[in-house]
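Subject: Structure handover and notes

Dear colleague,

I am passing on the structure below, together with my notes on it. Please read the notes with the model open.

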Amino acid sequence: MASSLLLFLLSFLIFITTSKSTPATITIPLSAPSFTKLVVPSKDPWNALNHLATQSLSRSHHIKSPKTNFSNIKTPLFPRSYGGYSISLNFGTPPQTTTFVMDSGSSLVWFPCTSRYLCAECNFPDIKRTGIPTFLPKLSSSSKLIGCKNPRCSVFFGPEIQSKCHECDSTAQNCTQTCPPYAIQYGSGSTAGLLLSETLDFPNQKTIPDFLVGCSILSTRQPEGIAGFGRSPESLPSQLGLKKFSYCLVSHAFDDTPTSSDLVMHTGSGSSDTKTPGLSYTPFQKNPTTAFRDYYYVFLRNIVIGDTHVKVPYKFLVPGSDGNGGTIVDSGTTFTFMEKPVYEVVAKEFEKQMAHYTVATEIQNLTGLRPCYNISGEKSVSLPDLIFQFKGGAQMALPSSNYFSFLDSGVICLTIVSDSIFGPGIGAGPAIILGNYQQKNFYVEFDLENEKFGFKPQSCV
């Protein structure tokens, strides 16, 4: 399979030359799935909820496995039915518009590419495998394959890739051998393709020539391209030289509603040491290993439920010398993941404080979530507060709709997942992954220049 894919990828030489440029502030609408009251558009809502929980867990498996004067660019950010948030970007000359999942937990930007694009297991709600829009390099005069000796090939694959440029004569000025095909594994799927140099255009805002982007020809369970906002050199923030980026996620409806908010990318020169008014900040943390270099680590000191500080073992709160442990912020994970020992103390504290409600055991079994309660006969429902306390004193007090799903049938479920439900412990990587469901209706800022994470409650509609 791998060798036939390699031959297929390398037999596909569709590209030609050129590029261009300008400056600005970039804002993009973000779209995503939403639920304040959780309305799952499915004849089997329990199965749909189980799917979202499983997706979040799969994503956590992937993440935990090694492997002041600003110009702003704005773009709409939309919620998607499969649990992520998407943006539209324009690549090529003339520009072709493509949608991408906005993902702070990975770095490569790639799109479904060529008329031969194949996506296995991509029949999601409102998305058909055969109808996925693709980028066509042959229609763009600025599409160029990245060569094997191109420094950006080494940026992506590492300096050792040069030893695989067998067709390149070390004495020759030029080499026509292309950079080898890439293959990336995500929590819920995978993709493979070739690296391109292409023009990225933000209409009436900014044009970026020679942007490194992936032309994916084969994917599994990836219905859209991915815009990697992680910390590696090939990510969108790194290539644009962003000082910071921020977003406010609208509530999940999981029905591909056109409601959106803005993703704002701060691109200008100058100092950004001033704080955004109203934000609480916590510094980013360093992971001592390179295996998890894409991720934005923060130091979560305490989890408070009601008036109780739950006792989370310290080794789960800070990455150890092996890189395992700690907390990351990830826009690509739907429900927050917690390693089993962390999740158990959290779930048990909720169960203790909500013991007067009837446990919905059947729904727990169907969805894989816990605890779930039947509240259909209740006149009012009181839920314990959930607060995340970070280093530096920043506190994220979540609205109840960010950690309990309210289902039409009169059942509520805690929207946090763990391997205590789905299988054996993972061990490697971050112990806590703060997902997008818990971030909704917060203004969130990744201050890259000052190495800090900021947030404040805000209606994102």
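The notes below cover sheets, cores, a cavity and some backbone details.

This is a predicted model, in which local features need pLDDT of at least 70 and side-chain atom pairs count only at pLDDT 80 or more, while totals for chains, interfaces and linings use all residues. Residues are numbered from 1 along each chain as its sequence is written, and side-chain values use heavy atoms, with hydrogens and water left out.

Sheets

Helices (H or I, at least four residues) and strands (E, at least two) are DSSP runs, numbered from the N terminus. Two strands pair if DSSP finds at least two bridges between them.

One open sheet has four strands in the order β20-β21-β25-β24, with antiparallel pairing. Its edges are β20 (358-359) and β24 (404-407); each has a single partner strand, so one side of each is left without a neighbour in the sheet. Inside this sheet, β21 (residues 372-374) and β25 (residues 411-414) are antiparallel and share three bridges, and Y373 has I412 in β25 as its bridge partner. I412 is also the bridge partner of F406. β24 and β25 are antiparallel and joined by four bridges. They form a hairpin with three residues between them, and G410 in the turn has a positive phi of about 90°.

Another open sheet of four strands runs in the order β17-β16-β22-β23, with antiparallel pairing. Here β17 (308-309) and β23 (395-398) are the edge strands, each with a single partner strand, so one side of each is left without a neighbour in the sheet. β16 (residues 300-305) is antiparallel to β22 and joined to β22 by five bridges; L300 stands opposite F390 in β22.

Strand β11 (residues 225-228) pairs in the parallel sense with β4 (residues 96-103) over four bridges, with A227 as the bridge partner of M102. β11 also runs antiparallel to β5 (residues 109-112), with two bridges between them, and W110 stands opposite I226. From β11, G225 and A227 point one way and I226 and G228 the other, and all are buried. Buried means under 20% relative accessible area, exposed over 50%, and partly exposed in between (1.4 Å probe, protein chains only).

Cores

A nonpolar core is a set of buried Ala, Val, Leu, Ile, Met, Phe, Trp, Tyr and Cys residues joined through side-chain atoms within 4.5 Å. The largest has 75 residues, and those touching the most other members are F91, L240, F245, M265, I303, F388 and F446. Helix α5 (residues 340-353) gives the largest share of this core, five residues. A second, separate core of 19 residues includes A53, A360, C372 and V411.

Contact means heavy atoms within 4.5 Å. Leaving aside neighbours within four places in sequence, I303 is in contact with ten residues' worth of list that I shorten here: among them are M338, V342, V346, L386 and F388. Stated in full, with those neighbours left aside, the contacts of I303 are T308, H309, V310, V312, M338, V342, V346, L386, I387 and F388.

I161 lies in the loop between α3 (151-157) and β8 (182-185). At 5% relative accessibility, I161 counts as buried. Leaving aside neighbours within four places in sequence, I161 is in contact with C148, C153, S154 and P180. I161 and P180 are 19 residues apart in sequence, and their C-alpha atoms are 8.4 Å apart.

Cavity

On a 1 Å grid over the protein atoms alone, a cavity is a set of points where a 1.4 Å probe fits but cannot get out, and lining residues have an atom within 4 Å of a point. Grid points are joined across faces, edges and corners, and a volume is the space filled by probe spheres set on the points. The second largest cavity holds about 30 Å³. L300, T327, T336, F388, F390, I432 and L434 line this cavity. β22 (386-390) and β27 (432-434) are the elements that give two or more residues to the lining.

Backbone details

The peptide bond from T93 to P94 is cis, with omega near -5°; P94 lies in the loop between β3 (85-91) and β4. R370 and P371 are also joined by a cis peptide bond, with omega about -5°, and P371 lies in the loop between α6 (361-367) and β21.

D210, in strand β10 (residues 206-220), has a positive phi near 50° although D210 is not a glycine. D210 is partly exposed, with a relative accessible area of 32%. N441 is another non-glycine residue with a positive phi, near 60°, and lies in the loop between α8 (436-439) and β28 (442-447).

Regards

Note on methods:
1 Å grid on protein atoms, 1.4 Å probe; cavity = no way out; pocket = protein on both sides within 12 Å on 5 of 7 lines; lining within 4 Å.
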